[in-house]
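Visitor: I'm new to this one. Could you pick a single part and take me through it closely, without rushing?

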Amino acid sequence: MTNQTKSQFIAVASITSELSAVMVVAKEISLAAANAKAIAFRAGDKAKGFQPITDFINELAKETIELVTNINIYALVLYRLTVDEYQKTAAYNKFELAAKMAEGAVYAKSMQEPVDHARLSMQDCQRQFKRDVSQLLGQLEAVMHHARAARVIAANSRIEASQAGEYLQSLQAVAESVDKAAHTIHDNVQRCRIALSIYRNS
Amino acid sequence: MKMTKIYEGSHQWIMFGRDEGKPENIIDTNQYVVRTPNRCLLLDPGGAELFAPMMAAVLHHAPVDQITDLFASHQDPDVISSLGLWDQALTNAKLHAPAIWEGFLRHYSCESIEYEPIPDNGGTIKLESVELQLIPAHYLHSPGNFHVYDPQAKILMTGDVGAAFEAPDAPVFVDNFAAHVEKMRHWHQRMMPSNQAKRVWIERVRNMDIDILAPQHGRMFKGDDVKRFLDWFDALQVGIAV
């Protein structure tokens, strides 16, 4: 296996592991939003500005979970394509070697067609991989966009929490946990994007 | 790779083996080809590492599009791990292999080659005017295992039965049976699990008219050495690991 193929396998496989952590964190945001909603309800008018924020956070968390679920499915397709590309490249290399070793054989020329066909298959796989990487990068960008939005909401939450009197500490804790979670999601997804982006144009 | 024609008539049998470029840490194997005017059957075509030299060697005898049939005696990687490569190289081929191994062999990738499952009681492969018999040899050593008998050429291809491990420059036929025995003994005692299966096989094979007994490893047996092998194997206690 070439170094390029190995690093391709690792890049694609690492997406699944990074995204499983993102999934856990997204669910934590959803839980924080539910907690915040309960606190805001108890705080009544004192946390009036906070209430719509909790719905928004919950919606954002759900969308993130949905995006990540779809990305995981797509990442599996990409992983299978990587395996396919590896097998087709191996076949092409073996066919070329056989053709070379068969020089002088009565039927050596008959090997040309399998060699050509293997080369085309390998190149098709490589092109498909690049297309799929681009699409996956787009999906990952959408998750990062949600994470950035969550951080903005967390900042607004802190402002609203400061108006909530004795509920200040609880609501600020919620805002803090949302911000931390969004930061983690952003970083994990950024790592996936960096790992994959070298294959978009390679 | 060394090529030795072992039968010439209306069709040919060619033995391929003793590949000098073989990686050191994989076992040597014999591959066989049955060539008729327009078709070519590869018997136990070999492992993935052997694909390129094997294909190159076959091209001395047949073009790619006339390689119409593969046979796998059983499921071992040295027999058939090249299947995924043949699958991509051949446009119109069949694999004749034990029915019980179909789900397993497909792990080597078998999308364009048509799998022809061989039922436990055997069958035939028809290659133009040649009819080869598929002889059950279960538990020798694989639970799903077949040998190939050509009544016209009087050749029995026996997979792992009769196997021995030789130096790369060893002759292709046994020339001193007594000396050859020690190269086979441990393999057969350790790898063949069942004395009962061995007896059933020997009973079946003693009734066949065989000039050449052709295993998948080591030298072939011809003439009187065929009977010597059957007598020796008959007396050998196998299944020694339990």
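Guide: Let's stay with chain B, starting with its overall form and ending at a helix and a few backbone details. What you see is a predicted model, so to speak: local features need pLDDT of at least 70 and side-chain atom pairs count only at pLDDT 80 or more, while totals for chains, interfaces and linings use all residues. As for labels, residues are numbered from 1 along each chain as its sequence is written, and chains are lettered from A and ligands numbered from 1 in the order in which they are written.

Chain B has 7 helices and 13 strands (DSSP runs numbered from the N terminus: H or I over at least four residues for a helix, E over at least two for a strand). Its radius of gyration is 17 Å, close to the 18 Å that the globule rule gives for 242 residues, so chain B is as compact as a globular protein of that length. That radius is taken over C-alpha atoms, and the rule is 2.2 Å times the number of residues to the power 0.38. Along the principal axes, the C-alpha atoms fill a box of roughly 45 × 40 × 35 Å. Buried residues make up 49% of the chain; buried means 20 or more other C-beta atoms within 10 Å of a residue's own, exposed means 12 or fewer, and partly exposed is in between, with C-beta atoms placed from the backbone.

Now the strands. β1 (residues 2-8) and β2 (residues 12-17) of chain B run antiparallel, joined by 6 bridges; strands pair if DSSP finds at least two bridges between them. A hairpin of 3 residues links β1(B) to β2(B), and B:K5 has B:I14 as its bridge partner in β2(B). Further along is an open sheet of 6 strands with mixed pairing, in the order β8-β9-β10-β11-β12-β13. Its edge strands, β8 (123-127) and β13 (221-222) of chain B, each pair on one side only. Inside that order, β11 (residues 155-159) and β12 (residues 212-215) of chain B pair in the parallel sense over 4 bridges, with B:L213 as the partner of B:L156.

Next, the helix α7 (residues 224-235) of chain B. Its 12 residues should span 16 Å at 1.5 Å a residue, and its end C-alpha atoms are 17 Å apart, which agrees (the expected span is 1.5 Å times one less than the number of residues). Which of its residues are buried? They are B:D225, B:V226, B:F229, B:L230 and B:F233. Seen down the axis, they fall within an arc of 145°, so they line one face of α7(B); the arc is that of the directions from the helix axis to the C-beta atoms. That face packs against α5 (177-191), α6 (195-206), β12 and β13 of chain B, where contact means C-beta atoms, placed from the backbone, within 7 Å. On the other side of α7(B), B:D224 and B:A235 are exposed.

Last, some backbone details. Most residues other than glycine have a negative phi, and most peptide bonds are trans. B:Y139, though not a glycine, has a positive phi of about 70°, and B:Y139 is found in the loop between β9 and β10 of chain B. That loop also holds B:H141, which a cis peptide bond joins to B:L140, with omega about 0°. B:R18 has a positive phi too, near 55°.

Methods:
Contact = placed C-beta atoms within 7 Å.
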